[in-house]
Amino acid sequence: MTNPSLLILPGDGIGPEVMAEVRKIIDWFGTRRGIVFDVTEDLVGGCAYDAHGTPLHDDTMARAQAVDAVLLGAVGGPKYDDLPFAVKPERGLLRLRKEMDLYANLRPAQCFDALADFSSLKKDVVAGLDIMIVRELTSGVYFGEPRGIFTEGNERVGINTQRYTESEIARVARSAFELARRRSNRVCSMEKANVMESGVLWRQVVQEVHDKEYPDVALSHMYADAGAMQLTRWPKQFDVIVTDNLFGDLLSDLAAMLTGSLGMLPSASLGAPMANGRPKALYEPVHGSAPDIAGQGKANPIACILSFAMALRYSFDLGDEAARVERAVETVLAQGLRTADLMGPAGGTPVGTAAMGDAIVAALDASL
Ligand code: IPM
Ligand code: MG
């Protein structure tokens with residue numbers, strides 16, 4: 001049997017630093033658990049632009065299509081702000097999502113006990129929080145045509161188009177219902193059916209898929225603006241939230257911050273099953289490239305490490321091993337280890353990126 005294959009794309013900013021810690025975890029699985037991955041590494045984002053003049057080389061795209069899972073760090077940085085739109089670092093990531101057809105983006109927002117004090121909300125509002133945002137990732141206003149900056153008369157017009165087909169809505173709705181069945185069996189769908197036709201269709205299709213295929217799941221609908229309000233008022237009312245690409249982008253940042261730090265949250269972007277039965281998949285932290293702290297050894301590697309844990313669970317059917325990584329993270333947090341982003345009034349032991357990674361490896365050792 002061949003080893004499972006992983007393509008690692010550290011990207012820009014803090015991406016390479018946090019990914020170095022993930023490599024320690026991957027190596028640990030090889031030496032201590034006999035779970036060996038064939039790992040290749042490549043460029044995406046600004047660093048790919050620097051090397052090849054494009055944020056994602058065709059060879060890298062082909063490699064991503066061929067492996068069992070892609071693990072990405074982060075893309076972007078101020079150095080690339082003035083690049084033409086078509087070669088901006090973000091286009092590399094968007095091309096991966098689109099061409100791999102990764103339509104279901106799973107963004108868990110979980111509040112670790114040790115960090116409940118750290119949220120900007122009151123502790124009882126967030127303690128024990130465990131919700132999952134399922135964001136549609138390959139369509140909507142991110143990709144709809146027409147788009148561009150045009151001239152009309154004597155002024156410029158910026159245009160983007162929100163467009164959703166029935167099948168695009170139905171497939172991401174199914175992902176959400178399937179997940180809900182393995183959790184608390186509740187889905188809340190969010191759109192703006194009060195102002196957008198695409199939202200009207202979204203609501204109808206989600207309801208139809210529910211009634212035909214998932215009548216056992218409790219389904220509710222909410223306007224996305226009210227959803228944002230409810231997420232800050234009483235987030236524990238939610239289990240799975242399913243929403244479109246743009247609302248999902250906003251709501252997942254909001255949900256992430258409920259848990260204390262963007263530095264903690266992983267994500268999985270899943271597509272249709274490949275020939276081997278595994279879903280096409282890309283795993284990445286929700287946080288960005290954090291250029292302000294890049295290269296200083298300060299970044300929190302936990303989101304990226306937890307993204308690898310999601311890969312273990314969703315791509316490799318190693319749910320127990322994923323839980324082992326998640327427990328190791330809980331252990332180091334309970335020990336009081338804190339990267340700078342987690343340094344709140346409650347204090348703790350300040351550690352850098354590498355020390356945090358080493359501590360998680362030590363906690364994994366202790367789990368055996
Ligand atoms: C995200 C990011 C991306 C997005 C950017 C980097 C293109 O904000 O993954 O949430 O907008 O989807
Ligand atoms: Mg975002």
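Modeller: Before we start, a crossing of two helices is called right-handed if the near helix is turned clockwise from the far one by less than a right angle, and left-handed if anticlockwise. Also, keep in mind that this is a predicted model.

Colleague: Got it. So is the crossing of helix 3 and helix 4 left-handed or right-handed?
Modeller: Helix 3 covers residues 58-66 and helix 4 covers residues 89-99, and their axes come within 11 Å. By the clockwise rule, the crossing of this pair is right-handed.

Colleague: And how do helix 3 and helix 4 lie to each other: roughly parallel or oblique?
Modeller: Their axes cross at roughly 40°. Roughly parallel would need an angle under 35 degrees, and roughly perpendicular starts at 65. Helix 3 and helix 4 therefore count as oblique.

Colleague: Which residues in helix 4 do the residues of helix 3 meet?
Modeller: From helix 3, the partners are Asp-58, Met-61, Ala-64 and Gln-65. The residues of this contact divide into three nonpolar, one polar and three charged. On the helix 4 side you'll find Arg-95, Leu-96 and Glu-99.

Colleague: Now helix 10 and helix 11: are they roughly parallel or roughly antiparallel?
Modeller: Helix 10 (residues 302-314) and helix 11 (residues 319-334) have axes that come within 7 Å and cross at roughly 160°. The crossing is left-handed. Anything over 145 degrees gets one label, so helix 10 and helix 11 are roughly antiparallel.

Colleague: How many residues in the contact of helix 10 with helix 11 are nonpolar?
Modeller: Helix 10 brings in residues including Ile-305, Leu-306 and Leu-312, while helix 11 offers Val-325, Val-329 and Leu-333, among others. Charged residues take part too, among them Arg-313 and Glu-326. The split is one polar, three charged and, for the nonpolar group, 10.

Colleague: Just past helix 11, is Gly-336 buried or exposed?
Modeller: Gly-336 sits in the loop between helix 11 and strand 13. Leaving out residues up to four places away in sequence, it touches Gly-348 and Thr-349. Its relative accessible area is 13%, and the cut-off is 20%, so Gly-336 is buried.

Colleague: How far apart in space are Gly-336 and Leu-115?
Modeller: Along the sequence, 221 residues separate them. From C-alpha to C-alpha, though, the distance is 9.7 Å.

Colleague: Last one, for the whole protein: what is its radius of gyration?
Modeller: The protein has 12 helices and 14 strands, and its C-alpha trace spans about 60 × 50 × 50 Å along the principal axes. Of its 368 residues, 53% count as buried. A compact globule with 368 residues would come out near 21 Å, and the protein agrees with that, at 20 Å.

How values were computed: Residues are numbered from 1 along each chain as its sequence is written. Chains are lettered from A and ligands numbered from 1 in the order in which they are written. This is a predicted model: local features need pLDDT of at least 70, side-chain atom pairs count only at pLDDT 80 or more; totals for chains, interfaces and linings use all residues. Side-chain values use heavy atoms; hydrogens and water are left out. Axes are lines fitted to C-alpha atoms, for helices over the stretch in contact, and angles run from 0 to 180 degrees between N-to-C directions. Helices (H or I, at least four residues) and strands (E, at least two) are DSSP runs, numbered from the N terminus. Angles under 35 degrees count as roughly parallel, over 145 as roughly antiparallel, 65 to 115 as roughly perpendicular and the rest as oblique. Contact means heavy atoms within 4.5 Å. Ala, Val, Leu, Ile, Met, Phe, Trp, Tyr, Cys and Pro count as nonpolar, Asp, Glu, Lys and Arg as charged, and the others, Gly among them, as polar. The radius of gyration is taken over C-alpha atoms; the globule rule is 2.2 Å times the number of residues to the power 0.38. Buried means under 20% relative accessible area, exposed over 50%, partly exposed in between (1.4 Å probe, protein chains only).
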